[in-house]
Amino acid sequence: MTTAQPVPQSTYAARVRQYYQQHYPDRAPLAFVRTFGCQQNVSDSEHMKGLLAEMGFGFTETPDEADFILFNTCAVREHAADRVFGNVGALKHLKTRRPDVLIAVCGCMVQQEHVAEKFRQSYPFVGLVFGTHVIHRLPELMAEALHSGRQVTVAPQQDGEIHEDVPVRRDGTFKAWLPIMYGCNNFCTYCVVPYVRGRERSRDPEHILAEARRLVAEGYKEITLLGQNVNSYGRGADHGVDFAGLLRLLDQIDGDFTLRFMTSHPKDATPALFDTIAACKKVSHHFHLPFQSGNDRVLAAMNRHYTREKYLSLVRYARAVIPDISFTSDVIVGFPGETREEFEDTLSLVREVGFTSLFTFIYSPRRGTPAASLPDPISAEEKVHWLQELTALQEQISARRLSAFVGTAQRALIETAADGYLEARLPENSVVRVPGDATLVGRRAVVQIDDARSWIMTGQILSVED
């Protein structure tokens, strides 16, 4: 018996292209894509935009103009999920007014069965609902939704495979996201990511290197390696390259570019990794290393697999071999059962490390995670007070750190422009605002630092590189 071969996605892409040519013979269809959540979601959206471009789509920034509307969702915090439901619900009137528009919701939220069921039951005007493991099948799913006229829902629970042939339409021209792995094996008790992203799968280093070389050849000046836990890259793979080894290989690519990466897990960060960063010429000396809590009992309840002292010892070692290293981190305030005394351990760790900046969050229960069922006696008002206290402390530390740059000249990458000002990022991740023309965005410059505040510095451009 001959096994039928799967239909190539290019065939489905041609069907979608033909559908829109028949319905809109005088113009190209337009797609609106909105992304919620992390940089991995942004990268996923760039690949879906690549598929849409192959299907003949142009792009618009307003859903009212779109023939296809896509929301790529995040499940990490309740606020992000509520925003998705609100934004999708607001499209009901648009669908009534324009029945031919196809509305799709994808990503981490949809990978949760109860969310997919809510879209099935309460949002029938959404024509396509699909999870994180089938992004590469977008042409096939769109073809089915367009030709069937019914809601198509696909969110398989098995771990996704890595597909290297998915096109990409990048949002930026000088900064690029480069996924090196997918999924997570850590199962922190507060986190839904392992349930919606699956187990860890690492791309082969040859594919990563080839993509990085293409990016450098195309003029990208900053490449950020992505993974739920980049430090565990290569674990279980047969190619024998770990994350430190991958950094060494990428560092050997010719060209003037900077390598960044996120996110790292402290349990997998090692002195050998910091030794590698110290030896590399193109790897940024900025390290995002989430500690989440400064208290050992809370860390154990979070299933983080390291202690306060382990974290601090990593920071001390890193600063010994990379004196100018900059640390940023994530912190959860008000984890279930956390006491005031335990929260103060977080404050003391922040004082000891002296982070460049922090991403701080009040604990958000996620359905299906162990922490969601833990007793949580601390009031929401008290957690808000703790968060404000933590934020005020970090503002003091940031202002003190940034003041050390005043009077110096620093090389920076100009990233954005608004109202006659440019914002440029230093290699260690701090931002300086300078007057200048928007035509300089994407170029490197030497900037003089004249003043510093809690989160940003101000200065002048001394010179701009070709």
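**Close-up 1. Helices α1 and α6 pack against each other in this predicted model.** Helix α1 covers residues 9-23 and helix α6 covers residues 138-148. Their axes lie 8 Å apart and make an angle of about 40°. The two helices are therefore oblique to each other, since an angle counts as roughly parallel only under 35 degrees and as roughly perpendicular from 65 to 115. As for handedness, α1 passes α6 in a left-handed crossing.

**Close-up 2. Here are the residues where α1 meets α6.** On the α1 side, look for Q9, Y12, A13, R15, V16, Y19 and Y20. Their counterparts in α6 are L138, P139, E140, M142, A143, L146 and H147. What kinds of residues make up this contact? There are 10 nonpolar residues, two polar ones and two charged ones.

**Close-up 3. Three strands form an open sheet with parallel pairing.** Follow the strands across in the order β7-β10-β11. The edge strands are β7 (175-179) and β11 (258-262), and each of them pairs on one side only. From one strand to the next, the twist averages 25°.

**Close-up 4. Strands β7 and β10 run side by side in the parallel sense.** Strand β10 spans residues 222-226, and five bridges join β7 to β10. To find one such pair, start at P179: its bridge partner in β10 is L226.

**Close-up 5. Helix α2 packs on the sheet.** This helix, residues 39-54, touches β7, β10 and β11. Compare its direction with that of β7: the angle between the two is about 95°.

Definitions and conventions. Residues numbered from 1 in each chain as written. Predicted model: local features only at pLDDT ≥ 70, side-chain atom pairs only at ≥ 80, totals over all residues. Heavy atoms only, no water. Pairing = 2+ DSSP bridges. Helix = DSSP H or I, 4+ residues; strand = E, 2+ residues; numbered from the N terminus. Axes fitted to C-alpha atoms, helices over the stretch in contact; angles between N-to-C directions. Contact = heavy atoms within 4.5 Å. Parallel < 35°, antiparallel > 145°, perpendicular 65-115°, else oblique. Left-handed = near helix turned anticlockwise from the far one by under 90°. Nonpolar A, V, L, I, M, F, W, Y, C, P; charged D, E, K, R; others polar.
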